[in-house]
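The following exercises introduce a structure to a reader who has not met it before. Each task is followed by a worked solution.

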Amino acid sequence: MAFQKAVKGTALIGGGAIATVFGLSQFSQYRNKHGTFVNVQAAEAVPVPMKSHLPTREQQILTLQTTSEFDVLVIGGGATGCGCALDAVTRGLKTALLERDDFSSGTSSRSTKLIHGGVRYLQKAIMKLDFEQYKMVKEALEERANLLEIAPHLSAPLPIMLPVYKWWQLPYYWFGIKLYDLVAGSQCLKSSYVLSKSRALEHFPMLRKDELVGAIVYYDGQHNDARMNLAIALTAARYGAATANYTEVLRLLKMTDPASGKERVCGVRCRDVLTGQEFDVKAKCVINATGPFTDSVRKMDDQEVPNICQPSAGVHIVMPGYYSPDHMGLLDPATSDGRVIFFLPWEKMTIAGTTDSPTDVTSHPIPTEEDINFILNEVRNYLSADVEVRRGDVLAAWSGIRPLVTDPNSKDTQSICRNHVVAISNSGLVTIAGGKWTTYRAMAKDTIDAAIEAHNLKAGSSKTLGLQLQGAEDWSPTLYIRLVQDYGLESEVAQHLASTYGDKAFEVAKIAQVTGKRWPIVGKRLVSEFPYIEAEVVYGVKEYARTAVDMISRRTRLAFLNVQAAEEALPRIVDIMGKELNWSEQKKKEELEAAKKFLYYEMGYKVKSDQLRDSSEISLVPSDIERYKKRFRMFDKDKKGFITILDVQRVLESISVQIAENTLHDILNEVDLNKNGQVELNEFLQLMSAIQKGYVSGSRLAVLMKTAEENLHRRVGIPVDRSGGGL
């Protein structure tokens, strides 16, 4: 949004005037159309009843196998695909949905977690007098309001600060943000406002003070994207859609239309990934909603069809919560290369991103060190010099692939419009491509409308506007208090359950184990510093979780918040899932290894060991080297040149401290680069050097050894929990 030349500011004012007039003309119409939908019980208009219990995955597979023909078959279990299934089934259409991995396993779980209209798209619409982009922003703002209403337990408004460092930018930004409010109309979450420099620093004390003029604060929505996607899928299932994850489409089925003589898509051949069983699913209409994989499904229909998607990679990182205020985000509107960076509080952590660069389509995108460092450098530019932004404070990192619609006149992915397109092939395959998370419902509506028309399906209009998602019906902001009072859960755990499952939180609480403590009475945590409890693993299986990765990344968000914590929780998660799903010991071992591989490559765990290896040159002054050698020799009494678990246990016993052997193994394994079961002096010095450089933070071994040295003669307990635990 930043512009360096006054002529662009002039263009903004001219374009802004045009958009303002149009916005005002639409305002009353918008209020009449949507102003009262909040008070309408949309569920009453749905022609099919909602099931009281969620069908099991096995029941869903059986329905897919035994139904002679569905009206609509959706391929893809992301936000758009699940939105299509929900829209179709609530119109009374016999609906099926197939997803080859897990619901929200791709792009839909790797977003910036915002529900927004797109401030920068509005700016482009004004500058270029682009009415299509304006309509896209307006639609997104309407959908933002709807999404906040239908899933209040998973979403909430979030104030976002736009810091201003040049006086001329203040009126310019203010005008643009006020226009954003105006386009939102009656569904504006809260009016934007201007802050003085001192007030801006009160709200965001870690902000860079030098040359700060003031700030503008505007509101957008924020949500738990993977849980939101899952809520859409579960709602569709409860309305009667046959939804199945881990069901891969192998090829499209076709038949010759006797009336026209043309080949028509009439279903799919699919495979249950978990059992290997193959079967056909017939349908009058097949919808391709596979995001980045859109073109691969289109080529199943026609090998010669040109690609319509241009994938773009977006990397995000997660840092400790102290990097941002609890309830205030930050927008960097003009980074060093022109991209936009958000810096947001999320799940008591801080999320920063995203990058935007061309990429190849893959099921397993990997965050690059280059992108991580780009984000860190931009964060440093906006935070006070008092805040040391350390590479080691990156707790998790991931890459998501946006399925952007190709613009033939575009030179890079930054200028591609995020709008969606619905295409119907000669054989009747319906494809929905492009778009954004926020507009999933509108995309689904347009898709089903097109499918009904193209395939002569008998159904009414969309019923999803205002239709509450699973968990929303009896949710209230104080629901967590009842969980605390009725079940004896910790307040933090109760708040987490209420904000994750909504009114279904009571079902989780009912199966929570007794702790045996005075308080909390029930609810054993999977890891100490996160509110996820063991009962969620049992409940997650009921929600179609079938792998350990499902549990750590989408049923809970551990992998997205702290990969070390996720790895620590894995053995217990695998044990519980193994019991629920009758896994053999071999299967449990395979699940554990697959989940560790996922964390290592896709969630950024690999960068931890890389940071130590990349900093193999020990850059310590002689006095520090001697000090760390002395500390190391305190543990290496036999002067072997390395330490083992036995060496650490011996020192701990001398100060009357006990730590479980498996915990000690994990602590040493974090530093054991060559994985020979011991930590050598050189590895220890590399660790201390990396800590000094900021490449590594929160090393449990470093904290343990330092504390042992300081307390050797005082017999004081040693804290060894993660202290931020960065990558």
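Helices (H or I, at least four residues) and strands (E, at least two) are DSSP runs, numbered from the N terminus. The model is predicted.

**Exercise 1.** State how many helices and strands the chain has, and describe the confidence of the model.

Solution. Begin with the elements: the chain has 25 helices and 20 strands. Next, take the confidence: pLDDT averages 88 over the chain, and 89% of the residues score at least 70. Finally, locate a stretch of low values: residues 1-40 stay under 50 in pLDDT, and the model has 57 contacts beyond four places in sequence for them.

**Exercise 2.** Describe the burial, surface and contacts of the whole chain.

Solution. Of the chain's 727 residues, 58% count as buried. The accessible surface comes to about 30000 Å², and carbon and sulfur atoms account for 51% of this area. Among contacts between residues at least 6 apart in sequence, 74% join residues at least 24 apart.

**Exercise 3.** Determine which strands pair with β11, and in what sense.

Solution. First, place the strand: β11 spans residues 309-319, and 10 of its 11 residues are buried. Then take its partners in turn.

- With β16 (residues 396-405), β11 pairs in the antiparallel sense over 10 bridges; Cys309 has Val405 as its bridge partner there.
- With β14 (residues 349-353), β11 also runs antiparallel, joined by 4 bridges; His316 is partnered by Gly353.
- With β15 (residues 357-358), the antiparallel pairing of β11 has 2 bridges; Ser312 stands opposite Pro358.

**Exercise 4.** Decide whether helix α3 is enclosed or open, and name the elements that its buried residues pack against.

Solution. Apply the cut-off: a residue is buried when its relative accessible area is under 20%. In α3 (residues 79-89), 11 of the 11 residues are buried, so the helix is largely enclosed by the rest of the structure. Among them are Cys82, Cys84 and Asp87. These buried residues of α3 pack against the strands β1 (70-75), β2 (95-98), β10 (278-288) and β18 (430-434), and against the helices α8 (225-238) and α11 (440-455).

**Exercise 5.** Find where the cis peptide bonds described here lie, and follow one of them to a surface patch.

Solution. One cis bond joins Gly353 and Thr354, with omega about 15 degrees. Thr354 belongs to the loop between β14 and β15, while Gly353 is the partner of His316 from Exercise 3. Another cis bond runs from Trp519 to Pro520, with omega near -5 degrees, and Pro520 lies in the loop between α14 and α15.

Now turn to the patch: Val514, Trp519 and Ile521 make a nonpolar surface patch of about 300 Å². Ile521 is found in the loop between α14 (505-510) and α15 (535-542). Its relative accessibility is 39%, so Ile521 counts as partly exposed.

**Exercise 6.** For Tyr246 and Asn456, give phi and decide whether each residue is buried or exposed.

Solution. Tyr246 is not a glycine, yet its phi is positive, at about 50 degrees. Tyr246 sits in the loop between β7 (242-244) and β8 (247-256), and it counts as buried because its relative accessibility is 8%. Asn456, likewise a residue other than glycine, has a positive phi near 55 degrees. Its place is the loop between α11 and α12 (479-487). With a relative accessible area of 67%, Asn456 is exposed.

Methods: Residues numbered from 1 in each chain as written. Predicted model: local features only at pLDDT ≥ 70, side-chain atom pairs only at ≥ 80, totals over all residues. Heavy atoms only, no water. Patch = residues over 30% accessible without salt bridge, like charges linked within 9 Å, V, L, I, M, F, W, Y side chains within 5 Å. Areas by Shrake-Rupley, 256 points an atom, 1.4 Å probe, with all protein chains shown as cover. Salt bridge = Lys/Arg side-chain N within 4 Å of Asp/Glu carboxyl O. Buried < 20%, exposed > 50% of the residue type's maximum accessible area, 1.4 Å probe, protein only. pLDDT = per-residue confidence, 0-100. Contact = heavy atoms within 4.5 Å. Pairing = 2+ DSSP bridges.
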